[in-house]
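Please read this report with the sequence and the model side by side. It goes through backbone turns, cysteines, the interior and the open spaces in turn.

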Amino acid sequence: MKPVRFATIGINHNHIFGQTNCLLNAGAELVGFHAVEDDLAKEYADTFSGVPRVDDKRKLLDDPSIDLIVSAAIPDERAPLAIDAMRAGKDVMVDKPGMVTLDQLAAVKKVQEETGRIFSVLYSEHFENRATVKAGELVAAGAIGKVVSMAGFGPHRLRASTRPQWFFERERYGGILVDIASHQCEQFLFFGNVDTADILFARVSNKANPQSPGLQDSGDIHLATHDVDGFIRVDWFTPDGLPSWGDGRLFITGKQGAIEIRKNVDVAGRDGGNHLFLTDRNGVKHIDCADVPLPYGPQLLDDIRNRTETAMPQARCFAAMEIALKAQQIAEERHNG
């Protein structure tokens, strides 16, 4: 079977290393990359040795042998790049957020529908987290009955001195609910098995970083459908003493049980990440998910070959970003009003 060939354009967020490894581990072939920043290019080239750096991204977009364009460019640059790639006949996989405005979302959706290309956002806190993947398997198998609520927490470590200037510019990163909470918006749709959700409440604020007025360091969203409630909390307050970038947690409540996930760390407890706790009528069980396979990469390659939607339905990919973008808008209108 002919391998899927991909090229990378834009490496401004280090999630690009996870995106690239996701595809390489699934059997795809990296054939080139484009980056304007020499320091970022050197790190990427050192990590993926032998892959040529291309001076003009158009050479990659116009190469008929390339199937997929991958990007972790500055967030406000991702949608225009994706549009160019899809118009050039390429499928696209970007880091979250896939775009930073509702206008960009509408433009990407329009071109995706016109071209029939795949536009995929690698929501790493779902697709690259083994405990979250395992939770999906358990929920699908009926382990906790019908899901009635989900609460997702995505705290991150700020490390302000290491961040590039665009990180502190609201128009470039999209706001905290777009930048981080899009993860949890996608998980709400996935675990709730719903197509969209009502936004009951949304808030953003800068509580501790007045020297960076463009930064939003905390945010909340309250979601609901007819059957499922959701709460999302994200912030940049992870203390330096935590042995992880953030204590990501997910709580899923069903009619017959509940699941709690400690994605990155079990505080003062078991080593490592990917901890899942299942509570049902029979008791409480800890499940170590360290060896759970991650299906997103192989499924995306199958989708590229077969024009299917097994890695993530296209509609859910867009719906997650739409909820995050609308929540961001509501929160900022509330904050400014």
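Asn274 sits in the loop between β11 (257-262) and β12 (275-280); helices (H or I, at least four residues) and strands (E, at least two) are DSSP runs, numbered from the N terminus. Although Asn274 is not a glycine, its phi is positive, about 60 degrees. Asn274 has a relative accessible area of 16% and is therefore buried. Buried means under 20% relative accessible area, exposed over 50%, and partly exposed in between (1.4 Å probe, protein chains only).

This is a predicted model, in which local features need pLDDT of at least 70 and side-chain atom pairs count only at pLDDT 80 or more, while totals for chains, interfaces and linings use all residues. Residues are numbered from 1 along each chain as its sequence is written, and side-chain values use heavy atoms, with hydrogens and water left out.

Two other residues with positive phi can be set beside Asn274.

| Residue | Place | Phi |
|---|---|---|
| Asn193 | just after α10 | about 55 degrees |
| Asn274 | loop between β11 and β12 | about 60 degrees |
| Arg307 | loop between α11 and α12 | about 60 degrees |

Arg307 counts as partly exposed, at 38% relative accessibility. Pro313 also lies in the loop between α11 and α12, and at 32% relative accessibility Pro313 counts as partly exposed. The C-alpha atom of Pro313 is 10.0 Å from that of Phe190, although 123 residues separate them along the chain. Elsewhere, Lys96 and Pro97 are joined by a cis peptide bond with omega of about -10 degrees. Pro97 belongs to the loop between β4 (91-95) and α5 (102-115).

Which residues of α10 are buried? They are Ser182, His183, Gln184, Cys185, Glu186, Gln187, Phe188, Leu189, Phe191 and Gly192. Because 10 of the 11 residues of α10 (residues 182-192) are buried, this helix is largely enclosed by the rest of the structure.

The cysteines come next. A disulfide is a covalent bond between the sulfur atoms of two cysteines. Here the term is applied to a pair of cysteine sulfur atoms within 2.5 Å, and the structure holds zero disulfides. For Cys22, the nearest cysteine sulfur is that of Cys317, 14 Å away. Cys185 has its closest cysteine sulfur in Cys317 too, at 13 Å, which is too far for a bond. Cys22, at 9% relative accessibility, counts as buried, and so does Cys185, at 0%.

A nonpolar core is a set of buried Ala, Val, Leu, Ile, Met, Phe, Trp, Tyr and Cys residues joined through side-chain atoms within 4.5 Å. The largest one has 104 residues, and those with the most contacts inside it are Leu23, Phe119, Leu177, Ile252, Ile259 and Leu276. Helix α12 (residues 314-336) gives the largest share of this core, 10 residues.

Last come the open spaces. On a 1 Å grid over the protein atoms alone, a pocket is an open set of points with protein on both sides within 12 Å along at least five of seven lines, a cavity is a set of points where a 1.4 Å probe fits but cannot get out, and lining residues have an atom within 4 Å of a point. Grid points are joined across faces, edges and corners, and a volume is the space filled by probe spheres set on the points.

The largest pocket holds about 1100 Å³ of space. It is lined by 45 residues, of which His13, Asn14, His15, Ser124 and Trp245 are the closest to its centre. Helix α1 supplies the largest share of this lining, seven residues. The largest cavity has a volume of about 30 Å³, and its lining consists of Phe167, Tyr173, Ile176, Asp179, Leu215, Gln216 and Trp236.
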